Number of protein chains: 2
Amino acid sequence: MSYSSISHLFCPKCNSTYDDHKVNQLCSCGSPLLVEYDLDSLKGKERNEVIDTERHDLWRYHQLLPVREPEHVVSLGEGLTPVIPMGSMGEKMGIPQLFMKDEGMVPTGSFKARGAAVGVSKAKELGIKALAMPTNGNAGAAWSLYSARAGIDSYIIMPVDAPPITRKEVAISGSHLYLVNGLISDAGKIVGELVKERGFYDASTLKEPYRIEGKKTMGYELLEQFDNNIPDVILYPTGGGVGLIGIYKAIKEWQELGWIKGDKIPRLVAVQAEGCAPIVKAWEERKTESVFWENSETAAFGINVPKAIGDFLVLDAIYKTDGCAIAVSEDEIKQAHSDVAHLEGTFICPEGAATFAAAKTLREKNWIKEGESVVCLNTGQGIKYPEMVEIDPTVLEKGDSAGKIDVSTVLK
Amino acid sequence: MSYSSISHLFCPKCNSTYDDHKVNQLCSCGSPLLVEYDLDSLKGKERNEVIDTERHDLWRYHQLLPVREPEHVVSLGEGLTPVIPMGSMGEKMGIPQLFMKDEGMVPTGSFKARGAAVGVSKAKELGIKALAMPTNGNAGAAWSLYSARAGIDSYIIMPVDAPPITRKEVAISGSHLYLVNGLISDAGKIVGELVKERGFYDASTLKEPYRIEGKKTMGYELLEQFDNNIPDVILYPTGGGVGLIGIYKAIKEWQELGWIKGDKIPRLVAVQAEGCAPIVKAWEERKTESVFWENSETAAFGINVPKAIGDFLVLDAIYKTDGCAIAVSEDEIKQAHSDVAHLEGTFICPEGAATFAAAKTLREKNWIKEGESVVCLNTGQGIKYPEMVEIDPTVLEKGDSAGKIDVSTVLK
């Protein structure tokens, strides 16, 4: 059996097909391209005959990933992140079956590593020498580090307001880092021009077809980790929405392979911030595409995406799974961020916190029903966002006595 | 079969034994206590009969961990971190078989999570309500967050120079955070007084016997991951040295169980910084204990430990495995830190970088022989040390043309 069952690329808008042996970006119609596998060749096989269960990272699914030759795999051990029971938080929210898939536990500390691992591996397979991308920070960090490992030159442009640590990650990789006084959409325009003028590979969200294949492995893992108890609801913080599109693609592929028992699939929820909620607006208006969100703003910087190129795919996934889209306030994000740390001992990113805030509201509205199982997707480590935590600790001097330590609250 | 084969605690200095059902700190003789298991009850069993291989974290080894009841396990999915081939770096260093075990991929972004997971779980089992500890930052972050999850109150004291992000981690957990104008040894004195006066559980390094049990799982994992190809050398950045002691304990336990094929065991190397090298000095003088290192200083803050309480155990592990101890300079740390990012795409912590610098020197001295396989242990994520990377990126304005981007180096 070959290492990958990839068949070709196809356009979900105009149905054109493309050869994955060649470099492809968007379809000539302007839509992102998606990867199609020869699933027929795998039908009749048990899941664990196809999954390389000895491998404790996302490459266990290599048969359903686009890299044709194992020697092109560029890996830092990404994937197979834990699903953590959030019982205390769940109790507070009226969702006893609350879980968090923790994507902080990957290289570069954010889920962007999945897309970068698969995207850069396929770029290496295609012989790419240099790539460029706009980013809200974490994707740039991941792509620049994986590119360094692959020996690919990278040009990364991010807003000046992107998390400062991500600049350091890009810089130490040896990548070419530029900041822009603006949003990711402004960075995108400059990258577009650079790609056109220099012939660089465009690694922008969904402008290359393989990042989503890395992201979809979050879906495979959830299906494997929950096995016969597929969760009722999965909440995903939605900027570009690639993860949500990917999870839906994962579900559809395994459904076709007969690897999901029963008819139930999870309802997918796109979570956005009130200061940048184009998908929510489109969903509320039952539209199939979103409109550019003017003057967007949120502390959950990763979901500050005013117009996602894959918006129609995100909305399709929501409609097809009976999901929904919901916006949360900055205060709700901050409260959830603090609550999960106090109650569960998890220091998560603000984007992840937004999903807990959303779950709380959806439970109050009874959109999440009593007894349903719910997965919140935390997309990165809290340590990448130190400014979310304000502190003013007491400073002791050498030789100070323990009497200076306030123990008045310990007997609570 | 019970969940754990723990038998009792014993003192490696005076051979006294203690009951693990009761709260114990140091032996009455002043030595740390270690955990003994009823290995006889497991003899004759295959490794995979005892390991819970379905579990993708360190609790797969629950039979050889000290927690007696599974309901006391406090877990965030820690462990089973990847072993990453470092071929490009290895080639540069003349060590083609160079690997890195990446402990950045755990909750709280440092290997301290292992000790905290097991230590806090056992504290919960013992009914502990409040604990206190001095820390160089990362241990405090891990213990405070796991304590929050366990519902245990924690008091954490760290030097003002500890990595700033670790303050945030401690604070968001709801722990009581104090800074001290001094070193971890100064923090330790205040904690000692607090413990004495208030009866808190002392979670200082090796003053409770269970942290080391969490750390030893790094050894189990390496033995499992390398299987029949046990590496020749393992390099470990050594502050308190608990990980090194733990890895040696893991090797001895599996040897006794007959789970290591052949007689070969890895040579263990304690890596320190030139500005704080008490173990190196003791090893060079063939001593069995170290002397307090005055005016210690290094950017690799986690190994700024002037006198480790378990120094005699670290030295014993080095002597018994034919290992060594070596100090590296700040410049060498910085160079290795940059090299692994450029060549391998890994953004590691300075303590981890020290092990690569040490491997390079040991290869040059031919202490590491041609063709030997070598594992460097990276103990945490580079993102926790942003000050290690100095940058000055160009800032573009909205609407700037791609002509502002310097592509002069791309055709290299």
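Which strand of chain B do four bridges join to strand 8 of chain A, and do the two run parallel or antiparallel? To find out in this predicted model, select strand 8 of chain A, residues 176-181, together with strand 14 of chain B, residues 394-397. Four bridges join these two strands, which run parallel. Within this pairing, pick Asn181(A), whose bridge partner in strand 14 of chain B is Glu397(B).

Next, widen the selection to everything that lies between the two chains. On chain A, 79 residues are in contact with chain B, and on chain B 78 residues take part. The area buried between the two chains is about 6,500 Å², with carbon and sulfur atoms giving 66% of that area. Now highlight Ile172(A), Tyr178(A) and Ile383(A), for these supply 11% of the area that chain A buries against chain B, which is more than any other three residues supply.

From there, turn to the charged and polar pairs. The rule finds two salt bridges across this interface, and one to display is that of Arg149(B) with Glu344(A), where the closest N and O atoms are 2.7 Å apart. Polar contacts across the interface link 23 residue pairs, both residues of each pair being at pLDDT 80 or more.

Finally, colour chain A by secondary structure and look at the side that touches chain B. Among the elements that each supply at least two residues to that side are helix 4 (138-150), helix 5 (164-172), helix 6 (184-198) and helix 11 (330-344), as well as strand 4 (83-85) and strand 7 (153-159). Recoloured by residue class, this side of chain A shows 40 nonpolar, 21 polar and 18 charged residues.

Notes
Residues numbered from 1 in each chain as written. Chains lettered and ligands numbered in written order. Predicted model: local features only at pLDDT ≥ 70, side-chain atom pairs only at ≥ 80, totals over all residues. Heavy atoms only, no water. Contact = heavy atoms within 4.5 Å. Buried area = accessible area lost by both parts, 1.4 Å probe. Salt bridge = Lys/Arg side-chain N within 4 Å of Asp/Glu carboxyl O. Polar contact = N/O pair within 3.5 Å; in protein donor to acceptor, adjacent residues only side chain to side chain. Nonpolar A, V, L, I, M, F, W, Y, C, P; charged D, E, K, R; others polar. Pairing = 2+ DSSP bridges.
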